[in-house]
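User: I should like to learn how helix packing is read from a set of coordinates. Please take me through the features one at a time.

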Amino acid sequence: MAQTLDEQISTVERALGECMIDTALVVVRSWLVELGENNPYEEAFATIQSHYQAFFNKWLNTNDPNAAEELNTMTGDTYQLVDAVYAAIRLKRGLSPDMHGFNPESPQSVMNYFANSVHFRQEDIEWLHDTLTEPSNLSIALMAVNSLTRSLRDCFNVDAFLALIDGIQSSSEIVADQSMANSFMLAIHYDIRMDFFPQIQDALANTIADMDDGGSHAFDVLCALVRAVPSGDKDEQEESFNQLPEPLREFLEKLGIKDEMSSLMAWVPKSEQEYMNGIIQIFPQTWLYEVLVEGEPERENILTQTYLRNGNRELMWQHPEMAESYLVQTLRKGSDKPMDYINLAHCLMLKGDRMMAFENYKQARLLCKSSKEFFGLFRPDRRQLVDCGVPVEQIYLIEDKLIDVSY
């Protein structure tokens, strides 16, 4: 059975993430056949194909110290060809509208164009750059930032991404923070790609490095992004709103939509909630984590606590000592959540304190209504415990003692 377009683009992304250019070109060739003869991409396709074959033949016979760099460059070129042909296929199939401009005075026109266009003109990029860096109309600028981000998630565009990064230097703090948050989300979303687009990595890293505070505000925006992940807890929603960057929070309050915003994420479509959760789960393994957090113990501690406070445990396994400190304080404040006791027990297991770990697992089991409820929380973490060095036999011993627990 033939692959769908979504399956094809996923195949290409996986292949190029491992520099498997030939595999990606098989899919591109099928797209070019669909576009018909005399399409404008044949020459670029033939050039990449011939360069890759020549590179492979040379690699078979010589040890070139620059081979890895050359392969990365070709992979980046292949990505750009893929993006161009993919956009053309979307237009041909009617999946994206064929658009040729917008009315810059109309918020609806701006939103529609930047959310749906797959072929930005140079004048569009210039307008976007000017609007984001010197916004004369705040609502238009914010509309462009958010609409463009949605478009870039589907169709990558280097120039548009660079314009969004430039928006971080906007004279408006609100536009700057929104541009920064959206740039971060896209950098995480395209983490594997980023290695092949050093101009984007350099632009984002340099923008952060040029901040007077050494990137502290960028880190604050990142933490606000983590806290913005959907939560069903109204108190946590309120806390997330209160910890938004101050200029954005004040702007939303002036609009009179504070209450709506504090519970906004509860109304986000399920697919979008899943996407945001995925972004947060991926982040600790990304290039952006290295830029903003890694090597800064205080930031690592703050972010670990932010993850735990929001119900995410991804960083707990990397920084169990920080997680343990936070969880002890949480439990002392009177938490009655089984997962807090389980997480603390995990941290204790990782440092070899099996007796205290068991006591916390037992407390979590007692808070659960049944063994099924407890193991539904505990067992998804088995793999992580083993990967972090806990012998699987010890996990089985603890499970055996927790099936039926009473004081």
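User: What is the handedness of the crossing of H12 and H18?

Analyst: In this predicted model, handedness depends on which way the near helix is turned from the far one, clockwise being right-handed. The crossing of H12 and H18 is right-handed.

User: At what angle do H12 and helix H18 pack, and how far apart are their axes?

Analyst: The angle is taken between N-to-C directions, and under 35 degrees it counts as roughly parallel. For H12 and helix H18 (residues 297-309), the angle is about 15° and the axes lie 9 Å apart. The two helices are therefore roughly parallel to each other.

User: Which residues of H12 and H18 meet?

Analyst: A contact requires heavy atoms within 4.5 Å. From H12 the participants are Ser216, Phe219, Leu222, Cys223, Val226 and Arg227, and from H18 they are Arg299, Ile302, Leu303, Thr306 and Tyr307. By class, the residues of this contact of H12 with H18 comprise seven nonpolar, two polar and two charged.

User: How does the length of helix H12 agree with the span it should have?

Analyst: One compares the distance between the end C-alpha atoms with the span that 1.5 Å a residue implies. Helix H12 (residues 216-227) has 12 residues and should span 16 Å; its end C-alpha atoms are 17 Å apart, which agrees.

User: How many residues of H12 are buried, and which are they?

Analyst: Buried means under 20% relative accessible area. Nine of the 12 residues of H12 are buried, so this helix is largely enclosed by the rest of the structure. The buried residues are Ala218, Phe219, Val221, Leu222, Cys223, Ala224, Leu225, Val226 and Arg227. Across the protein, buried residues make up 48% of the 407 residues.

User: How do the axes of helix H5 and helix H7 cross?

Analyst: The same reading of distance and angle serves here. The axes of helix H5 (residues 107-116) and helix H7 (residues 138-154) come within 7 Å and cross at roughly 20°. That angle makes H5 roughly parallel to H7, and their crossing is right-handed. In H5, Pro107, Val110, Met111, Phe114 and Ala115 meet Ile140, Met143, Ala144, Ser147, Leu148 and Ser151 in H7. The residues of this contact are nine nonpolar, two polar and no charged.

User: How many helices and strands has the protein, and what share of its contacts joins residues 24 or more positions apart?

Analyst: The protein has 24 helices and zero strands. Of its contacts with a separation of 6 or more, 63% are between residues 24 or more positions apart.

Technical notes. Residues are numbered from 1 along each chain as its sequence is written. This is a predicted model: local features need pLDDT of at least 70, side-chain atom pairs count only at pLDDT 80 or more; totals for chains, interfaces and linings use all residues. Side-chain values use heavy atoms; hydrogens and water are left out. Axes are lines fitted to C-alpha atoms, for helices over the stretch in contact, and angles run from 0 to 180 degrees between N-to-C directions. Helices (H or I, at least four residues) and strands (E, at least two) are DSSP runs, numbered from the N terminus. Angles under 35 degrees count as roughly parallel, over 145 as roughly antiparallel, 65 to 115 as roughly perpendicular and the rest as oblique. Ala, Val, Leu, Ile, Met, Phe, Trp, Tyr, Cys and Pro count as nonpolar, Asp, Glu, Lys and Arg as charged, and the others, Gly among them, as polar. The expected span of a helix is 1.5 Å times one less than its number of residues. Buried means under 20% relative accessible area, exposed over 50%, partly exposed in between (1.4 Å probe, protein chains only).
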